[in-house]
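Hi everyone, thanks for coming. I'll walk you through one structure today, and you can follow along on the screen.

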Amino acid sequence: MSGEAPYKVSVIRAGRVASSAETTPLRGVDGTPIAEVDTAPPLAASLTVSELRRRHPLGAAPAPDPETLRLAGRLFATATLGGMTPDDYCQAQARAGGIPIKVARHSLEDMAATCANVGERVAAERPAGTAGGVRAGEIRPMWLRRGDILSVIAPSNNPGTHTQWVHALAYGYQLVIRPGTRDPFTPSRLILAALEAGVEPSRLSLLPGGHATGDALVKASDLSLVFGGDAAVKRYGSDRRVILRGPGRSKILHTGEITERVVDSICDSVAYDAGLRCTNASAVFTDGDPAELGEAIARRLGAMVAAPPQSPDAELPVLPVEQARAMRAHLESRLAGAVDLAGARHPEGPLADLGDGSAALRPAVLVCDRADHPGGRVELPFPCVWVLPWSRGNPIEPLRDTLALSVLGDDPGLAALALREPSIRKVVYGGLPTHAAGPTSPHDGYLSQDLMEVRAYGIAAGAQTAERLPAHAGAVTA
Amino acid sequence: MSDDFAAVFEAPVDTTPDLDELVVATMTWHFSPATGSPYWVGRAPGLGFDPLTDVRTYDDLRLFDAVPVDWSSIPAQTLIPRGCAGRPGRFGVYESGGATGAPKRIVDATSRRRNIEFQNLHLDEQGFPTGDGQAGWLHIGPTGPHIMAKNIGNLSELRGFTPFFVDLDPRWVRRCIANGREDESKLYVDHILDQVKDVLLSQDIRAVSTTPRVLESIVARHDVYKVLGDKVRGVIWGGTSMDAETLRLLEQEAFPEATFAGAYGNTMMGMAPQRTRREGDASPCVFRPFFPYTVMEVVDPVETDRPVGVDERGRVKITSLTREFFMPPTAERDMVTRRAPAAGYPGIEVSDVRPAEVAAKAVIEGVY
């Protein structure tokens, strides 16, 4: 538990690497020091945002072009940034978060792909009528920013969450990121990559800190993208300037036979990236026998490997032993009669003690006897899935409030029915896992639905026109 | 008006009387029927020891460990020593913020002014501005039943300022937060800042005393921040703790034209001003209690009779020894780091004040 932390994560203010008189040690789940993280108090949030406003540094500079962002993504995947090679980054991210290192490894390329795809994505999100610009003699829609400064209250569960704010750069926002406690590494790396790629410095700030810093940032910014659970929904739910990414509660609807392919899709949906994504399924509704389906899932998930997160074999999330016990105890308190067919039956129990002060959370497969069992809404940060009965008599109600729904079976009509339910944010059909996404498919709506809007601009025929609209007006040009 | 005890009770504030002599004087004054308060004289027979003969040194005050005192329920007038009748100053009753239950009450006429004179010596040393009889001093903080308004009245007078006040009711803020009414506490803060702006726009304010949270809120309110930043040359902060980075940002970035001075205090302990910075200080803000009138110890949070070592963290334990008020050693809620006193100062010094940590963290559902 002693020794120097090998890395330092610095505060970044308007593109400048700064230091702080307060630092927080970040330890791995096994207690070894990983990094000294500079702490930005709430005052740093207010001062940073007011500096961004005071300097109006954007001037007429356009938003970073797709090629700059492509380069940023490439640097994220390959360069040494802030003294960390890609492998250093993966090690630190895995050990601090207790997340299997294969997640960080594939995230390098995922991030590069997201950044390379920004141009295509912005084009897809743009309302078609705004593409042409406005000439003299026309009154037309413009696609404009709703603000200038976007804060991001980021989580630590998966590096992939940080792919979501890259597009805000393309829309011309100045970003201030409050990283999650256990993963300051991913946003720090992405910001350093973007700066090195040539993104105008005032567009990028990193302020590690606690809830109070997040609150101050949300208060000061024009708009905020906030990741969080029910507590965040309660805290910010009524603030119209807050874009909430709340609990995923992703689900599977299964009808028909229990085939190997069905079990494959379910287990992939539940356990991909160690079950830590908001698009991992946390509930399966079936018109078959929940116990029989649960047994099949439990057999498959039971083979997942418990190992320290930095091990290439690791497949399960790891926590300090006490936290792992608390997590499991919390699950027990929520069972309400459901029976765990996986972890609880494991010969060594539901926690795999790794002998270094940490423990891996073995999967839980919880069979319920009714569709409205409260477990259907319980989402926990490890492969934990509730299997519940479903019937055509009440098809949609149990499926509401779902980030990603995979409809398994041979009834495309059910998928079409689910698509009509607005609280189901993505439907995939025919065996795709819940985490599957297309290059331009929305995650939870398009971010541009909240960051951008159309406003009208008219120019009289024969009027002198400016060379270009001032960039702070937020026009995204075609 | 001097008597046998004036040499210890009213010694010049830049000198330090002997602690044990002060203890004996305090016992004699507060427990003698002719001079003592009805409260302490009344309790004397039930103490199980005789304060007049058994308490000769500071260490002997441990005898009071077995004497519970409920400062929130004592009729306040009974705390006024009979011997103070006819002495200068008028007694007032002052209440704590009530962070740890019902408000506690103390009485004071002139003792706390001596504490403020002690604070003022430090401000002189630190180059804190003076008002030259012209400028205004704005206090944004507790007034009403709290002693802060009196302290600021004294301090601003000593420094040649005219005091202005915007009241902040700490009990209301605490109630809003305890009830999860953050919207209401935000509304309240804005209400306060509107009043601050009003004073700043029309008055020549050059010094401010307030809490770190209010300073943060001001920086977050551009309209108030701009006018305060232009005017203020001295800031006293206190009431709650502040981390080193917030202090650095306030001093160097938010109000670079102002001299900052911290003040750690509360109703029961009086005011411990920031000790002037010295090369090699382990903390940017070290507080110096007004020894020996306020004796601060830093003790183990659980075993409160075991002092912690220098540079270790512990809970504060306060003893108040003045002509007007006696409080036996009492463990308070704050956690601090004990520091070695600078330049032979006879009392201890402390830094990094935080309210006692509360533990227990529930599991939060979800993947974030």
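Before the first sheet, one bit of vocabulary: two strands count as paired if DSSP finds at least two bridges between them. Also, keep in mind that this is a predicted model.

Okay, let's start with chain B as a whole. Its secondary structure adds up to eleven helices and 13 strands. The radius of gyration is 21 Å, close to the 21 Å that the globule rule gives for 368 residues, so chain B is as compact as a globular protein of that length. If you draw a box along the principal axes, the C-alpha atoms of chain B fill roughly 60 × 60 × 45 Å.

Now for that sheet. In chain B, six strands form an open sheet in the order 4-3-5-6-7-8, and the pairing is mixed. So which strands sit at the edges? They are strand 4, residues 162-167, and strand 8, residues 270-273, and each of them pairs on one side only. Going from one strand to the next, the twist averages 25 degrees. Let's zoom in on one end: strand 7 of chain B, residues 259-266, runs antiparallel to strand 8 of chain B, and four bridges join them. Look for Ala263(B) there, whose bridge partner in strand 8 of chain B is Pro273(B).

What lies across strand 3, strand 4 and strand 5 of chain B? That's helix 8 of chain B, residues 182-202, which runs at about 155 degrees to strand 4 of chain B.

Helix 8 has a helix partner too. Its axis and that of helix 10 of chain B, residues 222-231, come within 10 Å and cross at roughly 40 degrees. These two helices of chain B, 8 and 10, are therefore oblique to each other. The crossing of helix 8 and helix 10 of chain B is left-handed. On the helix 8 side of chain B, the contact uses Leu193(B), Val196(B), Lys197(B), Leu200(B) and Leu201(B), and helix 10 of chain B brings residues including Val224(B), Val227(B) and Leu228(B). By class, that contact between helix 8 and helix 10 of chain B has seven nonpolar, no polar and three charged residues.

Here's another helix pair. Helix 5 of chain B, residues 111-125, packs against helix 6 of chain B, residues 148-158, at an angle of about 45 degrees, with the axes 9 Å apart. That angle makes helix 5 of chain B oblique to helix 6 of chain B. This crossing of helix 5 and helix 6 of chain B is right-handed. The residues in the contact of helix 5 with helix 6 of chain B split into three nonpolar, four polar and four charged.

Chain B has another open sheet, with five strands in the order 9-13-12-11-10 and antiparallel pairing. Its edges are strand 9, residues 286-287, and strand 10, residues 294-299, of chain B. Strand 10 of chain B is joined by six bridges to strand 11 of chain B, residues 313-321, and the two run antiparallel. One spot to find is Val295(B), which stands opposite Thr319(B) in strand 11 of chain B.

Last stop: the place where the chains touch. How many residues does each chain put into the contact? Chain A gives 33 residues and chain B gives 19 residues. Helix 1 of chain A gives the most to the side of chain A that touches chain B, with six residues. That side of chain A divides into 19 nonpolar, nine polar and five charged residues.

Key: Residues are numbered from 1 along each chain as its sequence is written. Chains are lettered from A and ligands numbered from 1 in the order in which they are written. This is a predicted model: local features need pLDDT of at least 70, side-chain atom pairs count only at pLDDT 80 or more; totals for chains, interfaces and linings use all residues. Axes are lines fitted to C-alpha atoms, for helices over the stretch in contact, and angles run from 0 to 180 degrees between N-to-C directions. Angles under 35 degrees count as roughly parallel, over 145 as roughly antiparallel, 65 to 115 as roughly perpendicular and the rest as oblique. A crossing is left-handed if the near helix is turned anticlockwise from the far one by less than a right angle, and right-handed if clockwise. Ala, Val, Leu, Ile, Met, Phe, Trp, Tyr, Cys and Pro count as nonpolar, Asp, Glu, Lys and Arg as charged, and the others, Gly among them, as polar. Two residues are in contact if their C-beta atoms, placed from the backbone, lie within 7 Å. The radius of gyration is taken over C-alpha atoms; the globule rule is 2.2 Å times the number of residues to the power 0.38.
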